[in-house]
Amino acid sequence: MAVRRPNPYRVKLHHSYSVPELAACCDVHRNTVRHWQRNGLKPIDKGRPMLFHGGTVRAFLIARNAGRKRPCPPGTLFCLRCRAARRPALDMVDYVPITPDSGNLSALCETCEAPMHRRTRKADLAKNMPGCAVEIARSPP
Ligand SMILES: [Zn+2]
C-alpha cells in the first residue's frame with residue numbers, strides 16, 4: 001500500500017529518476033509524482049522521458065512534509081474531523097497509561113464532539129493540558 005508521507009531520504013541525492021522510478025522509490029503511484037510536479041517539483045528539463053534530480057526531489061519532499069505538520073498548542077488535541085487543534089469538551093481529558101512514563105490522552109472535541117487522541121508523557125501532563133481535569137485511567141490488561 002502506498003505511504004501517505006514518503007520518506008525523503010529514500011531518494012538518492014545524485015541520481016536522476018524518471019516518473020515510474022521515482023514512484024517505485026517513494027512507494028507511491030505515478031499520478032502522485034505528476035501531482036507533485038503540478039505542486040512545484042521541477043524536472044531537470046523539458047526532455048522526454050521527464051527526469052527529476054534526486055536532490056531536488058528530496059528538498060521538495062522535506063519542505064512538503066514540514067508544511068503538513070500541525071503542532072498542537074498546550075491544552076489542545078488534534079481533531080481529525082475539524083482538521084485543527086481543539087480544546088477538549090468541558091475541559092475533561094482521560095489519560096490511559098501505555099508505559100510507566102507515557103500514555104494516551106483522549107477527549108471529545110468541544111466543536112464537533114468527535115473523539116480526539118494525543119500521546120503524551122506522564123511528567124508533561126500538567127504542561128500539555130493546563131486547566132483541564134485529567135482523569136487517570138487504569139492501564140488496560
Ligand atoms: Zn472537532
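**Exercise 1. In which loop does I98 lie?**

Solution. The model used in these exercises is a predicted one. Begin with the strands on either side: I98 lies in the loop between β5, which spans 92–97, and β6, which spans 102–108. Next, consider how much of the residue is accessible: with a relative accessibility of 45%, I98 counts as partly exposed, because that class covers values between 20% and 50%. Then look for its neighbours, leaving aside residues up to four places away in sequence: I98 touches G103, N104 and R119. Finally, take one of these partners, R119, and compare chain with space: I98 and R119 are 21 residues apart along the chain, and their C-alpha atoms are separated by 9.5 Å.

**Exercise 2. Find which residues T111 touches, and describe where T111 lies.**

Solution. First place the residue: T111 is found in the loop between β6 and β7, the latter strand covering 115–121. Then list the contacts, again not counting residues up to four places away in sequence, and T111 is seen to touch C82 and R86. As a last step, turn to C79, which is 32 residues from T111 along the chain, while the C-alpha atoms of T111 and C79 are separated by 9.3 Å.

**Exercise 3. Work out which residues form the positive surface patch, and describe two of its members.**

Solution. The patch is formed by R4, R5, R68, K69 and R83. Take R68 as one member: its place is in the loop between α3 (54–67) and β3 (77–79), and R68 is partly exposed, with a relative accessible area of 38%. Take R83 as another member: it is located in the loop between β3 and β4, a strand that runs over 84–86. At 67% relative accessibility R83 counts as exposed, because the threshold for that class is over 50%.

**Exercise 4. Identify the backbone features at D27, R83 and P49.**

Solution. Start with the general expectation: most residues other than glycine have a negative phi, and most peptide bonds are trans. Against this background, D27 has a phi near 60°, a positive value in a residue other than glycine. D27 sits in the loop between α1 (19–26) and α2, and D27 is partly exposed, its relative accessible area being 33%. R83, already met in the patch, likewise has a positive phi, with a value near 55°. For the peptide bond, go to the step from R48 to P49, which is cis, with omega near -5°. P49 itself is in the loop between α2 (30–38) and β2 (51–53).

**Exercise 5. How many salt bridges does the structure hold, and which residues form them?**

Solution. As a starting principle, side chains of opposite charge can pair when their charged atoms come close. The structure holds two salt bridges. In one of them D91 pairs with R87, and the closest N and O atoms are 2.8 Å apart; this satisfies the criterion, because the nitrogen has to be within 4 Å of a carboxyl oxygen. D91 is partly exposed at a relative accessible area of 28%, and R87 also counts as partly exposed, at 27%. In the other bridge the side chains of R121 and D124 meet, with an N to O distance of 3.2 Å. Is D124 buried or exposed? At 17% relative accessibility D124 counts as buried, because the limit for that class is under 20%.

Notes: Residues are numbered from 1 along each chain as its sequence is written. This is a predicted model: local features need pLDDT of at least 70, side-chain atom pairs count only at pLDDT 80 or more; totals for chains, interfaces and linings use all residues. Side-chain values use heavy atoms; hydrogens and water are left out. Patches are made of residues with over 30% relative accessible area and no salt bridge: like charges are joined within 9 Å, nonpolar side chains (Val, Leu, Ile, Met, Phe, Trp, Tyr) within 5 Å. Accessible areas come from the Shrake-Rupley method with a 1.4 Å probe; for residues, only the protein chains shown count as cover. Lys and Arg count as positive and Asp and Glu as negative; His and the chain ends are not counted. The place of a charge is taken as NZ of Lys, CZ of Arg, CG of Asp or CD of Glu. Helices (H or I, at least four residues) and strands (E, at least two) are DSSP runs, numbered from the N terminus. Buried means under 20% relative accessible area, exposed over 50%, partly exposed in between (1.4 Å probe, protein chains only). Contact means heavy atoms within 4.5 Å.
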